[in-house]
Amino acid sequence: MALTYPNPRLEDGVVLLRPWEEQDLALLERGSRDDYVAEIEHLPVPFDDEGGRKWIARQHAHMENGRGWTFAILELATGEAVGGVGLLFRHPPGAAEPGVWVVAEKGGHGIAERATRLLCRWALTTETGIARLQATVAPWNLPSQRVLEKVGFVREGLLRAYASWRGSPQDVLLYSLLARDLDDASPLVAEAQPASADPAGAAQISRLQERLATAFISALRERLVALVAYGSSVEGSFIPHFSDFDLAVFLHGEFTVEDAIAVQAALGDLEPTPFDYLQTKFVDVSAVATPTLVPGSFAVFWGELPAEPAYLHNPDLLRQAGKRWLDALPGLIADDRAAWSVAAGSARRQRLVRLMMTRLKPALRSLLVEHGEPPAEVWISGWHQLARRWRDHDAAAAEALDSVLTVLPSSGREQEVACGETVLRLLAQIEMAARASSSTN
Ligand SMILES: CC(C)(COP(=O)(O)OP(=O)(O)OC[C@H]1O[C@@H](n2cnc3c(N)ncnc32)[C@H](O)[C@@H]1OP(=O)(O)O)[C@@H](O)C(=O)NCCC(=O)NCCS
């Protein structure tokens with residue numbers, strides 16, 4: 001059965017997915033120079049325009065024959081095509097497999113992540129009939145694994161000698177993504193410090209919220225449903241130069257590039273805020289409602305959340321999210337170690353922030369839940385509360401975490417290096433404790 005192109009077109013304000021066109025021949029020629037891309041995409045080598053045109057015709061035929069969808073990835077800022085992304089039906093019946101590639105010069109800017117997320121989210125939330133997306137990745141292909149993990153794919157295991165690569169059998173890692181994983185991958189949770197809120201900081205936060213509300217109202221008008229602060233922005237407390245301001249925008253429809261430009265224009269220059277950056281998540285209330293918020297860890301500062309329970313995680317969902325986190329941890333730690341070993345200068349502090357916020361905190365929360373602590377309370381706990389809970393299970397580890405929290409706000413180079421090492425060690429301890437706990441359960 002013939003398939004149709006997504007309508008409206010898939011874009012997220014940074015990239016747009018569009019059907020392949022004759023004008024993409026130059027991009028395909030660049031792709032064909034990378035052996036691996038040429039092989040997985042079946043690009044003609046050596047490349048010529050005739051072969052390129054046939055390749056483009058085959059992409060359109062995939063849709064006509066019901067095999068799947070493939071698109072060029074367009075970078076909106078430059079209007080340039082920078083890679084390809086697709087979803088093809090393979091095995092088992094009803095499941096589809098994503099594939100993505102990006103030209104080397106544009107790598108490392110989240111383009112593959114954005115393109116994959118757009119396509120996968122669309123496939124799982126519209127009438128495609130797809131219940132499972134499944135990806136197989138070579139164990140050496142760390143960037144590709146990272147892309148899948150960032151999108152929310154769950155690693156299911158290693159398939160031994162499953163694929164054939166240039167005539168020899170090869171192991172592959174199996175990943176999958178289901179509709180319910182889409183938002184579970186990053187529940188919006190508190191990252192607040194204990195309520196020793198600094199009043200000056202709290203006043204800055206409320207001014208920032210007012211500015212954001214004015215800008216989003218003027219840009220989105222009746223499409224805006226609610227503005228939600230979570231994380232540090234709820235309590236008004238933070239570690240200087242350590243936190244982001246987390247904002248969730250609930251709206252009707254997708255947040256488009258035109259919307260982004262309108263918000264920027266209305267926002268103008270913000271006065272300095274206590275945050276390093278603003279992190280924004282968009283929730284389309286016209287799509288299927290999936291849990292994104294953790295009860296008690298967010299504050300609606302403009303508008304009203306529709307049918308709120310649909311957006312709230314319950315203890316079971318948090319427990320499942322925690323288990324998936326712990327399962328994924330070994331792979332994530334290996335990547336972190338590699339990234340940390342080469343982080344230097346200002347990038348080192350950013351890496352440390354990410355290690356703490358996006359690894360240690362969710363890993364520790366998940367472990368504490370695994371140890372029987374109440375999920376909802378653990379998920380809204382700040383750092384010091386987490387350390388206190390950890391003390392009951394592992395006093396030495398909790399003490400090491402306390403020491404990191406004490407030196408971090410003012411840390412210089414040497415302290416940063418030492419903190420990073422401690423955090424990596426703590427992550428390894430969590431991984432071991434999780435393994436021990438799952439083998440006794
Ligand atoms: C895989 C590929 C699509 C990634 O494209 P991209 O636009 O650079 O991807 P993103 O920027 O979204 O993410 C790449 C991630 O990999 C990480 N990464 C890059 N090199 C890495 C390495 N050697 N070890 C660990 N992680 C690495 C990046 O840090 C980034 O993660 P982060 O956002 O957490 O920092 C691109 O490298 C490519 O085209 N490769 C060849 C084709 C291919 O392998 N396709 C997948 C087939 S299954």
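Colleague: Before we look at any helix pair, what makes two residues count as being in contact?

Modeller: Two residues are in contact if their C-beta atoms, placed from the backbone, lie within 7 Å. By that rule, Leu364, Arg365 and Leu368 in H11 meet Leu386, Arg389 and Trp390 in H13. Sorted by class, the residues of this contact are four nonpolar, no polar and two charged. Do keep in mind that this is a predicted model.

Colleague: Thanks! Why are H11 and H13 called oblique to each other?

Modeller: Look at the angle between their axes. Helix H11 (residues 346-370) and helix H13 (residues 383-391) cross at roughly 40°, and their axes come within 11 Å. Angles under 35 degrees count as roughly parallel, and 65 to 115 as roughly perpendicular. The crossing angle fits neither range, nor the one over 145 for roughly antiparallel, so H11 and H13 are oblique. The crossing of H11 with H13 is left-handed.

Colleague: And what makes H13 and H14 roughly antiparallel?

Modeller: The axes of H13 and helix H14 (residues 395-407) cross at roughly 160° and come within 7 Å. An angle over 145 degrees counts as roughly antiparallel, and therefore H13 and H14 get that label. From H13, the contact uses Trp383, His384, Ala387, Trp390 and Arg391, while H14 brings Ala395, Ala397, Ala398, Leu401, Asp402 and Leu405. Eight residues of this contact are nonpolar, one is polar and two are charged.

Colleague: How do you know that Val423 is buried?

Modeller: By counting neighbours. Val423 has 20 other C-beta atoms within 10 Å. The cut-off for buried is 20 or more, so Val423 qualifies. Val423 lies in helix H15 (residues 413-440). Leaving out residues up to four places away in sequence, Val423 touches Leu355, Met356, Leu360 and Val404. Val423 and Leu401 are 22 residues apart in sequence, yet their C-alpha atoms are 7.7 Å apart in space.

Colleague: Why is Arg166 called exposed?

Modeller: Arg166 has 7 C-beta neighbours inside 10 Å, and a residue with 12 or fewer counts as exposed. Arg166 therefore counts as exposed. You will find Arg166 in the loop between strand E7 (154-165) and strand E8 (168-177).

Colleague: What about Ala307: buried or exposed?

Modeller: Ala307 is exposed, because the count for Ala307 is 9 other C-beta atoms within 10 Å. Ala307 sits in the loop between strand E12 (298-303) and H10.

Colleague: What makes the phi values of Arg166 and Ala307 worth a look?

Modeller: Most residues other than glycine have a negative phi. Arg166, however, has a positive phi near 50°, and phi of Ala307 is positive too, near 35°.

Colleague: Which peptide bond joins His91 and Pro92?

Modeller: A cis one, with omega about -5°. Pro92 is in the loop between strand E4 (80-89) and E5. The bond from Asn7 to Pro8 is also cis, with omega near 0°. Most peptide bonds are trans.

Colleague: Finally, which helix gives the most to the shell around the ligand?

Modeller: H5 does, with five residues. In total, 23 residues surround the ligand, and the closest are Gly107, Ala112, Glu113, Leu142 and Arg146. The shell has 13 nonpolar, seven polar and three charged residues.

Terms used: Residues are numbered from 1 along each chain as its sequence is written. This is a predicted model: local features need pLDDT of at least 70, side-chain atom pairs count only at pLDDT 80 or more; totals for chains, interfaces and linings use all residues. A residue is near a molecule or strand if its C-beta atom, placed from the backbone, lies within 6 Å of it. Helices (H or I, at least four residues) and strands (E, at least two) are DSSP runs, numbered from the N terminus. Ala, Val, Leu, Ile, Met, Phe, Trp, Tyr, Cys and Pro count as nonpolar, Asp, Glu, Lys and Arg as charged, and the others, Gly among them, as polar. Axes are lines fitted to C-alpha atoms, for helices over the stretch in contact, and angles run from 0 to 180 degrees between N-to-C directions. A crossing is left-handed if the near helix is turned anticlockwise from the far one by less than a right angle, and right-handed if clockwise.
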